[in-house]
Amino acid sequence: MDKSKRKELQEEFKQIKTYMGAIQITNKLSGKIYIDTFSNLKNKWLTLQMQLDMGRFANAELQKDWKELGAENFGYEVLEEKETDEIADVKWECKVMLKRWLEKLQPYEDKGYNKPLQR
């Protein structure tokens with residue numbers, strides 16, 4: 001590939017917008033929800049499904065239900081998204097966003113898979 005074409009492709013790549021945000025996975029049978037945030041939402045549901053299918057998801061309770069009930073009994077939704085080029089510290093913004101959604105939805109115990117935040 002010549003240098004001008006390579007430079008053109010690099011500039012095009014820089015123009016692609018990426019989004020950070022909060023997601024919710026819902027158990028359609030029990031109504032329990034799992035909330036998390038990610039610095040890049042592109043293809044996130046595919047990645048999470050792969051982790052769950054392989055038995056490698058970080059949340060053991062959700063992983064157990066996924067294995068027992070099957071993928072068809074879970075839904076995915078983006079609760080909030082922001083362009084990352086608008087954010088100075090994406091990691092910090094994810095933490096703030098997660099805290100806000102956890103406080104709002106309270107996905108704990110019978111209502112969800114999350115653990116309460118440590119104060």
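Helix α4, spanning residues 90-105, lies across β1, β2 and β3, and its run makes about 160° with β2. Keep in mind that this is a predicted model. Under that helix, so to speak, there's an open sheet of three strands, and a lysine in one of the loops, K32, also deserves a look.

**The sheet**
- Reading across, the strand order is β2-β1-β3, and the pairing is antiparallel.
- β2 (33-38) and β3 (74-83) are the edge strands, each pairing on one side only.
- On average, neighbouring strands here are turned by 15° against each other, direction ignored.
- β1 covers residues 19-27 and pairs with β3 over nine bridges, in the antiparallel sense.
- For a handy landmark in that pairing, look at T26, which stands opposite G75 in β3.

**Helices on the sheet**
- Helix α3 (residues 60-69) packs on the sheet and touches β1, β2 and β3.
- The direction of α3 makes about 135° with that of β3.
- Helix α4 likewise lies across β1, β2 and β3.

**K32 and its surroundings**
- You'll find K32 in the loop between β1 and β2.
- K32 counts as buried because its relative accessible area is 11%, under the 20% cut-off.
- Its side chain makes a polar contact with the side chain of E61, at 2.3 Å.
- Setting aside neighbours within four places in sequence, K32 is in contact with I25, T26 and N27, as well as E61.
- The rest of that contact list for K32 is E109, D110, K111, G112 and Y113.

Terms used: Residues are numbered from 1 along each chain as its sequence is written. This is a predicted model: local features need pLDDT of at least 70, side-chain atom pairs count only at pLDDT 80 or more; totals for chains, interfaces and linings use all residues. Side-chain values use heavy atoms; hydrogens and water are left out. Two strands pair if DSSP finds at least two bridges between them. Helices (H or I, at least four residues) and strands (E, at least two) are DSSP runs, numbered from the N terminus. Axes are lines fitted to C-alpha atoms, for helices over the stretch in contact, and angles run from 0 to 180 degrees between N-to-C directions. Contact means heavy atoms within 4.5 Å. Buried means under 20% relative accessible area, exposed over 50%, partly exposed in between (1.4 Å probe, protein chains only). A polar contact is a pair of N or O atoms within 3.5 Å; within protein, one must be able to donate a hydrogen and the other to accept it, and residues adjacent in sequence count only if both atoms are side-chain atoms.
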